[in-house]
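Subject: Handing over the model

Hi,

Here is the structure I promised to pass on. Have a look at it first, and then read my notes underneath.

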Amino acid sequence: MSRKIKLIWDFRGPAAQKTAEHHVIHLKEFIALEKTNLNISGSQDFNEMHSIAFMVVDETEMISVRDALKPHRGEVYVEPAQN
């Protein structure tokens with residue numbers, strides 16, 4: 001089974017939250033256009049000056065998506081715990 005990779009774009013400054021939210025719109029467009037295997041994307045706020053946008057891809061797709069979209073960093077994706 002292939003691992004899932006979370007590609008991350010960092011945004012900093014007073015407009016970080018809005019910029020990350022807007023970036024997710026473009027990530028969703030890319031997912032639909034390229035028909036990626038996974039449809040996981042979103043944004044997360046760490047504080048008022050740091051937010052991220054992210055999308056999750058199969059490890060097999062990571063290189064092509066990374067080269068096309070140039071994320072700032074990536075990490076192995078861990079599924080959120082179910083309550």
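Below is what I found, going from the strands to the charged residues and then to a few single positions.

First, some housekeeping. This is a predicted model, so to speak of local features we need pLDDT of at least 70, and side-chain atom pairs count only at pLDDT 80 or more, while totals for chains, interfaces and linings use all residues. Residues are numbered from 1 along each chain as its sequence is written, and side-chain values use heavy atoms, with hydrogens and water left out.

**The strands**

A word on terms: helices (H or I, at least four residues) and strands (E, at least two) are DSSP runs, numbered from the N terminus. Two strands pair if DSSP finds at least two bridges between them. Buried means under 20% relative accessible area, exposed is over 50%, and partly exposed lies in between (1.4 Å probe, protein chains only).

I'd start with S3 (50-58). Strand S1 (residues 4-12) pairs with S3 in the antiparallel sense, over nine bridges; isoleucine 5, for example, has valine 57 as its bridge partner in S3. Strand S2 (residues 40-47) is also antiparallel to S3, with seven bridges joining them. There, serine 43 has alanine 53 as its bridge partner. S2 and S3 make a hairpin, with two residues between them.

How many of the residues of S3 are buried? Nine of nine, so to say that S3 is mostly covered is fair. Both faces are covered: on one side sit His50, Ile52, Phe54, Val56 and Asp58, on the other Ser51, Ala53, Met55 and Val57, and all are buried.

**Charges**

Side chains of opposite charge can pair when their charged atoms come close. I count a salt bridge when a side-chain nitrogen of Lys or Arg is within 4 Å of a carboxyl oxygen of Asp or Glu. The whole structure has four salt bridges, and here are three of them:

- Lysine 4 and glutamate 79 form a salt bridge, with 2.6 Å between the closest N and O atoms. This pair links distant parts of the chain: lysine 4 is in strand S1 and glutamate 79 in the segment after strand S4 (73-76), 75 residues apart. Lysine 4 counts as partly exposed because its relative accessibility is 22%, and glutamate 79 is partly exposed at 46%.
- Aspartate 10 and arginine 73 form a salt bridge, their closest N and O atoms being 2.8 Å apart. Here too distant parts of the chain are linked, aspartate 10 in strand S1 with arginine 73 in strand S4, 63 residues apart. Aspartate 10 is buried, at a relative accessible area of 17%, and arginine 73 is partly exposed at 36%.
- Arginine 66 and aspartate 67 form a salt bridge, with the closest N and O atoms 2.9 Å apart. Arginine 66 is partly exposed at 36% relative accessible area, and so is aspartate 67, at 43%.

Which side chain of opposite charge is nearest to glutamate 61? It is lysine 4, 11 Å away, and glutamate 61 is buried yet has no salt bridge. (Lys and Arg count as positive, Asp and Glu as negative; His and the chain ends are not counted.) Glutamate 61 lies in the loop between strand S3 and helix H2 (62-69). Leaving out residues up to four places away in sequence, glutamate 61 touches Thr36, Asn37 and Leu38; contact means heavy atoms within 4.5 Å.

Lysine 6 has its charged end over the ring of phenylalanine 54, 4.5 Å from the ring centre. The criterion is NZ of Lys or CZ of Arg within 6 Å of the ring centre and within 35 degrees of the ring normal.

**Single positions**

Leucine 27, in helix H1 (residues 16-34), is buried because its relative accessible area is 3%. Not counting residues up to four places away in sequence, leucine 27 touches Trp9, Ala53, Phe54, Met55 and Leu69. Its C-alpha atom is 7.2 Å from that of serine 41, 14 residues apart along the chain.

Threonine 19 is also found in helix H1, but is partly exposed, at 34% relative accessibility. From threonine 19 to serine 41 the C-alpha distance is 15 Å, with their positions 22 residues apart in sequence.

Histidine 50, in strand S3, counts as buried at 11% relative accessibility. With the same sequence neighbours left out, histidine 50 touches Asp10, Phe11, Arg12, Ala16 and Asp45.

Cheers
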